[in-house]
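Open your viewer and keep the sequence panel beside it. We will go from stop to stop, with a selection to make at each one.

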Amino acid sequence: MPTNPKKQARPAKTAAPGKATTAKAAPAKAAKAAPGKAAKATPAKATKATKAKDEASRPGPVAHGHPSELAVHTIGGYVLRDEPLQLNEGRPTVTIEVANTGDRPIQVGSHFHFFEANRLLRFERSKAFGMRLNIPATTALRFEPGDSRTVELVPFGGRQRVYGFNGLVDGWSGEGPRPGYQPRRVEAERLAEFRGFLTRKES
């Protein structure tokens with residue numbers, strides 16, 4: 001039976017005598033000969049990769065008008081406003097006189113329940129129920145031995161629940177549906193007197 005010339009296998013192409021393999025085919029043959037081994041990057045490619053990495057690590061643009069716009073590359077520090085801020089503006093405050101009757105300095109933090117402050121501090125404790133020092137958060141006031149100073153107090157915010165400190169309240173310290181309604185206050189004052197917390201009579 002005569003064979004179909006279209007289906008006959010084509011003979012493989014061979015290089016003409018005297019002609020070497022082209023330069024483009026050499027890397028392909030090298031890759032086939034050593035599978036799994038990545039080709040080493042040329043110095044030009046390595047330089048481009050390093051440059052792209054450096055550009056990616058740079059900080060992006062800052063929104064226009066942001067206070068830190070002029071300090072994009074500065075690490076640490078503060079960004080302050082030109083106008084001073086008023087702490088606890090519009091909130092009720094109480095001023096009391098506090099004396100340290102002990103022989104050691106006493107320091108009270110900004111959010112310590114002042115009613116439960118050190119028992120050797122003498123002041124009108126009944127006025128300090130549910131109050132804290134009206135000073136910036138994370139700061140404190142120091143009372144030296146024998147010194148007396150005037151401080152300003154402000155009520156706690158939020159739910160006004162006071163736990164821990166010297167264990168005189170462990171509950172709600174705010175005012176209720178009517179003025180002066182503080183169910184924990186009477187028991188706290190009795191417990192403070194029993195434990196020797198100094199106080200002054202209300203003037």
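Select phenylalanine 129 to begin: is phenylalanine 129 buried or exposed? Phenylalanine 129 is buried, because its relative accessible area is 4%, where buried means under 20% relative accessible area, exposed over 50% and partly exposed in between, with a 1.4 Å probe and protein chains only.

Some ground rules before we move on. This is a predicted model, in which local features need pLDDT of at least 70, side-chain atom pairs count only at pLDDT 80 or more, and totals for chains, interfaces and linings use all residues. Residues are numbered from 1 along each chain as its sequence is written, and side-chain values use heavy atoms, leaving out hydrogens and water.

**The whole chain**

Colour by secondary structure and you should find 3 helices and 8 strands; these are DSSP runs numbered from the N terminus, with helices being H or I of at least four residues and strands E of at least two. Reading from the N terminus, the order is α-α-β-β-β-β-β-β-β-β-α. Of the 203 residues in the chain, 22% are buried. The accessible surface comes to about 15,900 Å², and 55% of that belongs to carbon and sulfur atoms; the areas come from the Shrake-Rupley method with a 1.4 Å probe, and for residues only the protein chains shown count as cover.

**The sheet**

Next, select the open sheet of 4 strands, ordered β3-β1-β6-β4 with antiparallel pairing; two strands pair if DSSP finds at least two bridges between them. Its edge strands are β3 (121-122) and β4 (131-133), each pairing on one side only. Now show 94-100 and 148-155: these are β1 and β6, antiparallel strands joined by 6 bridges. Across that pairing, valine 98 stands opposite arginine 149 in β6.

Stay on arginine 149 and add phenylalanine 143: the arginine lies over the face of that ring, at 5.6 Å from the ring centre. A charge sits over a ring if NZ of Lys or CZ of Arg is within 6 Å of the ring centre and within 35 degrees of the ring normal. Arginine 119 lies over phenylalanine 197 too, at 4.7 Å from the ring centre.

**The core**

Which residues touch the most other members of the largest nonpolar core? Phe114 and Val151 do, in a core of 24 residues. Such a core is a set of buried Ala, Val, Leu, Ile, Met, Phe, Trp, Tyr and Cys residues joined through side-chain atoms within 4.5 Å. At least two residues each come from β1, β2 (106-109), β4, β5 (140-143), β6 and α3 (185-194). With 3 residues, α3 gives the most.

Select valine 151 and its surroundings. Leaving aside neighbours within four places in sequence, its contacts (heavy atoms within 4.5 Å) include Val94, Ile96, Phe114, Leu133 and Phe143.

**The rings**

Finally, show the aromatic side chains, where there are 4 aromatic pairs. Rings of Phe, Tyr and Trp (its six-membered ring) pair if their centres lie within 6.5 Å; planes under 30 degrees apart count as stacked, over 60 as edge-to-face and the rest as tilted. Phenylalanine 114 and phenylalanine 123 have ring centres 4.8 Å apart and planes at 45°, so the pair is tilted. Phenylalanine 114 counts as buried because its relative accessibility is 0%.

Our starting residue returns here: phenylalanine 129 forms an edge-to-face pair with phenylalanine 115, at 5.4 Å centre to centre and 80° between the planes. Phenylalanine 115 sits in the loop between β2 and β3, and phenylalanine 129 in the loop between β3 and β4, 14 residues apart. For a last view, select Phe114, Phe123 and Phe143, which form one aromatic cluster.
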